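Colleague: Got a minute? I'd like to go through this one with you.

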Amino acid sequence: MDLKTSTWPRRHAEQLAQLHRLLPESADRPLAVANVGPGLAVRYLGRIANRNTVVGDLVRRFETAVRRLPMPDACFENYEATELAAALDGRRFHLTAIDINPRVVRIVVKALAPNAAGVVADLGVANSPVLLQLRERFDVVFSFAMVARVRSAFADNARDNVRSLVRPGGLLVGGGEFGAGDIAPVEGIEHFFRRREAASPAA
Ligand SMILES: C[S@@+](CC[C@H](N)C(=O)[O-])C[C@H]1O[C@@H](n2cnc3c(N)ncnc32)[C@H](O)[C@@H]1O
């Protein structure tokens, strides 16, 4: 399956540092975190690709070509989910990797075991039963460069699906326009959105 999984180390380092600052130091339960479209790269090659040099660019092209070859999971690695886990810095968490590509999901779950679970789902599908089950489950939803990979006719579904995962009061960190309805941009912090807390029942 070639769904353009390109990623590289520290791609979202700025947003992860910001997330670290925003999250409370402690909580009475593990944080529920979703990483939607974590991506993967060929082991080792992905680490030297995409530097802003001629060599880095050549390695990136080579890595993209090699990634399409049939190879075992052990030949690939993910950076985003492990960096996300590191940014939580000792806080208890459980991470759910959500991706259309089963290989991406397997690799993240293995890297973060026992603190991770995986869900294979196409975010471009509206009312997907598997995603409906995850509705408003997550304190943090982290999703970059996934909506851009969904065909434009289904991109609104993808955005709606990502939004639907965030629980009231929870954060959505992502590239793209996610602000809508009760999800609003966090003032002054690019790529951060928050779902409004649920209104308390009238006395
Ligand atoms: C370009 S990579 C982004 C990787 C990483 N988030 C980053 O920013 O470096 C796109 C990711 O979205 C996933 N993806 C593409 N289309 C998808 C879809 N329709 N539903 C769910 N995931 C999808 C790919 O498998 C891949 O993991």
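**Loops, sheet and surroundings**

Modeller: Sure. This is a predicted model, and I'd start with a proline: Pro114 sits in the loop that links α5 and β5.

Colleague: What is the peptide bond from Ala113 to Pro114, cis or trans?

Modeller: That bond is cis, and its omega is near 5 degrees. Most peptide bonds are trans.

Colleague: OK, and the helix before that loop. Which strands does α5 lie across?

Modeller: Helix α5, residues 102–112, lies across β1, β4 and β5, and runs at about 175 degrees to β5.

Colleague: Which residues of α5 are buried?

Modeller: Val104, Val105, Ile107, Val108, Val109 and Leu112. The cover over the buried residues of α5 includes β1, β3 (76–77), α4, β4 and β5.

Colleague: Let's do the sheet. What's the strand order?

Modeller: There are seven strands in an open sheet, ordered β5-β4-β1-β6-β7-β9-β8, with mixed pairing. At the edges are β5 (116–120) and β8 (183–185); each has a single partner strand, so one side of each has no neighbour in the sheet.

Colleague: And by how many degrees are neighbouring strands turned against each other?

Modeller: On average 20 degrees, direction ignored.

Colleague: Zoom in on β1 and β4. How many bridges join them?

Modeller: Six, between β1 (residues 31–36) and β4 (residues 93–99), and the two strands run parallel. As an example, Ala34 has Thr96 as its bridge partner in β4.

Colleague: Which strands does α4 touch?

Modeller: Helix α4, residues 80–87, packs on the sheet and touches β1, β4 and β6 (138–143). The direction of α4 makes about 160 degrees with that of β4.

Colleague: Switching to β7. Is Val173 there buried or exposed?

Modeller: Val173, in strand β7 (residues 166–174), counts as buried because it has 23 C-beta neighbours inside 10 Å, and 20 or more is the cut-off for that.

Colleague: What is Val173 in contact with, leaving aside its neighbours within four places in sequence?

Modeller: Gln15, Leu19, Val140, Phe142, His191 and Phe192. As for Val186, 13 residues away along the chain, its C-alpha atom is separated from that of Val173 by 9.8 Å.

Colleague: Back to backbone oddities. What about phi at Asn127?

Modeller: Asn127 has a positive phi of about 55 degrees, though it isn't a glycine. Most residues other than glycine have a negative phi. Asn127 is in the loop between β5 and α6 (129–132), and it counts as exposed because only 10 C-beta neighbours fall inside 10 Å.

Colleague: And where is Glu136?

Modeller: In the loop between α6 and β6. Glu136 also has a positive phi, near 55 degrees. With 13 C-beta neighbours inside 10 Å, Glu136 counts as partly exposed.

Colleague: Now the ligand. How many residues surround it, and which are the closest?

Modeller: 22 residues surround the ligand, and the closest are Thr7, Gly37, Gly39, Ile100 and Phe144. By class, that shell has nine nonpolar, seven polar and six charged residues.

Colleague: Last thing: what does the domain assignment give?

Modeller: Domain 1 covers 13–39 + 78–195, and domain 2 covers 41–73. Taken over C-alpha atoms, the centres of domain 1 and domain 2 are separated by 25 Å.

How values were computed
Residues are numbered from 1 along each chain as its sequence is written. This is a predicted model: local features need pLDDT of at least 70, side-chain atom pairs count only at pLDDT 80 or more; totals for chains, interfaces and linings use all residues. Two strands pair if DSSP finds at least two bridges between them. Helices (H or I, at least four residues) and strands (E, at least two) are DSSP runs, numbered from the N terminus. Axes are lines fitted to C-alpha atoms, for helices over the stretch in contact, and angles run from 0 to 180 degrees between N-to-C directions. Two residues are in contact if their C-beta atoms, placed from the backbone, lie within 7 Å. A residue is buried if 20 or more other C-beta atoms lie within 10 Å of its own, exposed if 12 or fewer, and partly exposed in between; C-beta atoms are placed from the backbone. A residue is near a molecule or strand if its C-beta atom, placed from the backbone, lies within 6 Å of it. Ala, Val, Leu, Ile, Met, Phe, Trp, Tyr, Cys and Pro count as nonpolar, Asp, Glu, Lys and Arg as charged, and the others, Gly among them, as polar. Domain bounds come from an automatic or database domain assignment.
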